[in-house]
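Student: Please go through this structure with me slowly, and set each term against the rule behind it.

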Amino acid sequence: MATNQKDYGEMAKKASPPSPKAKDFLCAFLIGGGICTFGQALLLLYTYLELPETTVKALVPMTIIVITAILTGTGVFDKIAKHAGAGTLVPITGFANSIVSPAMEFSAEGRILGTGAKLFSIAGPVIAYGTAAASIYGVIAYLFKLY
């Protein structure tokens, strides 16, 4: 039995429960905001400990990345993301999760063809285009003396 695209769309719409958009937006906002607030708390803590500014600027993202990697590895991050949706895509936590998840998923295929090959499958384009965008911005800033 062949189904055309319109019929398939109607069948899918009937089978899919409606999404509680207000609840989803609120959860994404609260959890994403909580992640950002945690980052700010880390910044204040490291500053309170009288660490040099450059050290603080490095420690905050490193701490968040390590915590996200641990939560991803233990399966907790997926449970948080289930409720937070896009709220967990705050760039640094989303990036850490996108590195650790494929590494875990494909580790059974070996270190080279599994973990090594799939490690940057999601984050690779972000790194490539991010580097290209930063390079273009750097050239523009240099040409117009924006630094």
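Student: Which residues of helix 5 are buried?

Tutor: This is a predicted model, and in it the buried residues of helix 5 are T93, G94, A96, N97, S98, I99, V100, P102 and A103. What covers them includes helix 2, helix 3, helix 4, helix 6 (111-118) and helix 7 (123-143).

Student: Why is N97 called buried?

Tutor: The relative accessible area of N97 is 16%, and buried means under 20%, so N97 meets the rule and counts as buried. N97 has its place in helix 5, and, leaving aside residues up to four places away in sequence, N97 touches T68, T72, F77, D78 and P102.

Student: What makes T68 a buried residue?

Tutor: T68, which is found in helix 3, has a relative accessible area of 3%; since the cut-off for buried is under 20%, T68 is therefore buried. Not counting residues up to four places away in sequence, T68 touches F77, T93, A96 and N97.

Student: How do you know that the length of helix 5 agrees with what is expected?

Tutor: Helix 5 has 15 residues, and from its first C-alpha to its last it reaches 21 Å, which is close to the 21 Å expected at 1.5 Å a residue.

Student: How do you know that helix 2 agrees with its expected span?

Tutor: Helix 2 has 28 residues, which at 1.5 Å a residue should span 40 Å, and the C-alpha atoms at its ends are 40 Å apart, so the two values agree. After helix 2 comes E50, whose phi is positive, near 60°.

Student: Which residues of helix 2 are buried, and what do they pack against?

Tutor: The buried residues of helix 2 are A28, G32, I35, G39, L42 and Y46, and the buried residues of this helix pack against helix 3, helix 4 (76-84) and helix 5 (91-105).

Student: What makes up the largest nonpolar core?

Tutor: The largest nonpolar core has 5 residues, namely L42, Y46, V56, V60 and I64. The elements that give two or more residues to this core are helix 2 (21-48) and helix 3 (53-73), and helix 3 gives the most, with 3 residues. To be called such a core, buried residues of the listed nonpolar kinds must be joined through side-chain atoms within 4.5 Å.

Student: Which residues does Y46 touch?

Tutor: When residues up to four places away in sequence are not counted, Y46 touches L51, V56, L59, V60 and T63.

Student: Why is P18 called exposed?

Tutor: P18 lies in the loop between helix 1 (5-15) and helix 2. Its relative accessible area is 77%, and exposed means over 50%, so P18 is rightly called exposed. The C-alpha atoms of P18 and T131 are separated by 39 Å, while the two residues are 113 residues apart along the chain.

Student: How do you know that C36 and C27 are not joined by a disulfide?

Tutor: A disulfide is a covalent bond between the sulfur atoms of two cysteines. The cysteine sulfur closest to that of C36 is in C27, 16 Å away, and the rule asks for a pair within 2.5 Å, so the distance is too far for a bond. By this rule the count comes to 0 disulfides.

Student: Are these cysteines buried or exposed, or what else should they be called?

Tutor: C27 has a relative accessible area of 23% and C36 has one of 46%; partly exposed covers what lies between under 20% and over 50%, so each of them is called partly exposed.

Student: How many helices and strands does the chain have?

Tutor: There are 7 helices and 0 strands in the chain, and from the N terminus on the elements run α-α-α-α-α-α-α.

Student: How do you know whether the chain is spread out or compact?

Tutor: The radius of gyration of the chain is 20 Å, while the globule rule gives 15 Å for 147 residues; the value is well over the rule, so the chain is more spread out than a compact globule. Along its principal axes the C-alpha trace spans about 70 × 40 × 35 Å.

Student: How much of the chain counts as buried, and what is its accessible surface?

Tutor: Of the 147 residues of the chain, 20% count as buried. The accessible surface comes to about 10,900 Å², of which 71% belongs to carbon and sulfur atoms.

Methods:
Residues numbered from 1 in each chain as written. Predicted model: local features only at pLDDT ≥ 70, side-chain atom pairs only at ≥ 80, totals over all residues. Heavy atoms only, no water. Buried < 20%, exposed > 50% of the residue type's maximum accessible area, 1.4 Å probe, protein only. Helix = DSSP H or I, 4+ residues; strand = E, 2+ residues; numbered from the N terminus. Contact = heavy atoms within 4.5 Å. Expected span 1.5 Å × (residues − 1). Rg over C-alpha atoms; globule rule 2.2 N^0.38 Å. Areas by Shrake-Rupley, 256 points an atom, 1.4 Å probe, with all protein chains shown as cover.
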